[in-house]
Amino acid sequence: MASLSEWIEGARPRTLPNAVAPVVAGVGAAIALDAFSWWRSALALLVSLSLIIGVNYANDYSDGIRGTDENRVGPLRLVGSGVAAPKAVLTAALVSLGLAGVLGLVLVAVSGHWWLLGMGALCILGAWFYTGGKKPYGYYGFGEIAVFVFFGLAGVLGTVYVQAGRVSWAAVACAVAVGCFSTAVLTANNLRDIPTDIEAGKRTLATRLGDKGTRRLYLALVFVPFLISLSFVFTGYSVAALAALTIIVLYPAAGVVQAGKKGRELIPALRDTGLAMLLWSVVTTIGLNV
């Protein structure tokens, strides 16, 4: 039976910046539109956190019962390591995704934008079928697209829309930037797992691009947010351009990827990319509103 610390590790807390950053950036864009609501922002954050924890447990369960995680490098896999029963991990995934659904329903109800229920349903289905079901799309190279959409576009623009009832060009710019960061985190993760994924028959985008191609993709993705930061200089939000300085935090991660590190040596790249994304969102939020 898994201990509390093992359950926490199985939830993969290092991925939480992927859930927090889009809400922070969305809040910044909402404030710039004079539409900030602290409790709607809090609800959006809880939805995002529940969703990513649900995704992580669902992935642990689905990959574990397939045997994909038997030789995986990285954080503890509850099912793959045998410390937790598959049914228990499945229950944790369903409870987390269910909580995201209930909180999302409340947020949609108070905002009055009922069409957002469709987007919420897609997010939950995307969370499950990433590695779940008979033909999980994460096994066919579509995981990066899903992360860009759900933890970039949907996360940022959804946070703005439930408060302002509209989006701005700054919100779209933030959504693209955060989406690229989030996708870069997954790309670094899949780069690390290329050997074991090939062995398990998991055809991620990284296994299709190969080692060199995946490293180039990562570097391209993390470059985009800094271009967006610099573009703020020409659009009336010059202070927001200071977010480009977060490249200082990202530089070690990019260096690890560029240097050709493999296996466990890539784990710091995941951490630093997530931290850079979160810091970028905070600085941009401040810059959009001073």
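C123 is buried in this predicted model, with a relative accessible area of 11%. Its sulfur lies 18 Å from the closest cysteine sulfur, that of C180, which is too far for a bond. C123 also turns up by a pocket, as one of the residues nearest the centre of the second largest one. Here is a quick tour of the cysteines, the aromatic rings and the pockets.

**Cysteines**
- Across the whole structure, a search for disulfides finds zero.
- C180 is in no disulfide either, and the nearest cysteine sulfur to its own, in C174, is 12 Å away.
- Like C123, C180 counts as buried, because its relative accessible area of 6% falls under the 20% cut-off.

**Aromatic rings**
- The structure holds nine aromatic pairs.
- One of them joins W115 and Y161 edge-to-face, with 5.4 Å from centre to centre and 75° between the planes.
- W115 comes from the loop between α5 (86-111) and α6 (116-129), while Y161 belongs to helix α7 (residues 143-164), so this pair ties together parts 46 residues apart in sequence.
- W115 itself counts as exposed, at 54% relative accessibility.
- Another pair, W169 and F232, is tilted, because the planes stand at 45°; the ring centres are 5.8 Å apart.
- W169 sits in helix α8 (residues 169-192) and F232 in the loop between α10 (205-231) and α11 (247-258), so here the parts tied together are 63 residues apart in sequence.
- The two partners contrast in accessibility: W169 is partly exposed at 40%, whereas F232 is buried at 0%.
- W169 and F232 also join Y237 in one aromatic cluster.
- A charge meets a ring as well: the charged end of R66 sits over the ring of Y139, 5.2 Å from the ring centre.

**Largest pocket**
- The largest pocket encloses about 710 Å³ of space.
- Its lining counts 38 residues, and R12, T15, N56, L186 and N189 are the ones nearest the centre.
- At least two lining residues come from each of α3 (38-66), α6, α7, α8 and α12 (267-287).
- By class, this lining has 17 nonpolar, 11 polar and 10 charged residues.

**Second largest pocket**
- The volume of the second largest pocket is about 430 Å³.
- It is lined by 26 residues, with V47, G104, M119, G120 and C123 nearest the centre.
- Helices α2 (17-32), α3, α5, α6 and α7 each give at least two residues to this lining.
- The lining here has 19 nonpolar and seven polar residues, and no charged ones.

Technical notes. Residues are numbered from 1 along each chain as its sequence is written. This is a predicted model: local features need pLDDT of at least 70, side-chain atom pairs count only at pLDDT 80 or more; totals for chains, interfaces and linings use all residues. Side-chain values use heavy atoms; hydrogens and water are left out. A disulfide is a pair of cysteine sulfur atoms within 2.5 Å. Buried means under 20% relative accessible area, exposed over 50%, partly exposed in between (1.4 Å probe, protein chains only). Rings of Phe, Tyr and Trp (its six-membered ring) pair if their centres lie within 6.5 Å; planes under 30 degrees apart count as stacked, over 60 as edge-to-face and the rest as tilted. Helices (H or I, at least four residues) and strands (E, at least two) are DSSP runs, numbered from the N terminus. A charge sits over a ring if NZ of Lys or CZ of Arg is within 6 Å of the ring centre and within 35 degrees of the ring normal. On a 1 Å grid over the protein atoms alone, a cavity is a set of points where a 1.4 Å probe fits but cannot get out, and a pocket is an open set with protein on both sides within 12 Å along at least five of seven lines; lining residues have an atom within 4 Å of a point. Grid points are joined across faces, edges and corners, and a volume is the space filled by probe spheres set on the points. Ala, Val, Leu, Ile, Met, Phe, Trp, Tyr, Cys and Pro count as nonpolar, Asp, Glu, Lys and Arg as charged, and the others, Gly among them, as polar.
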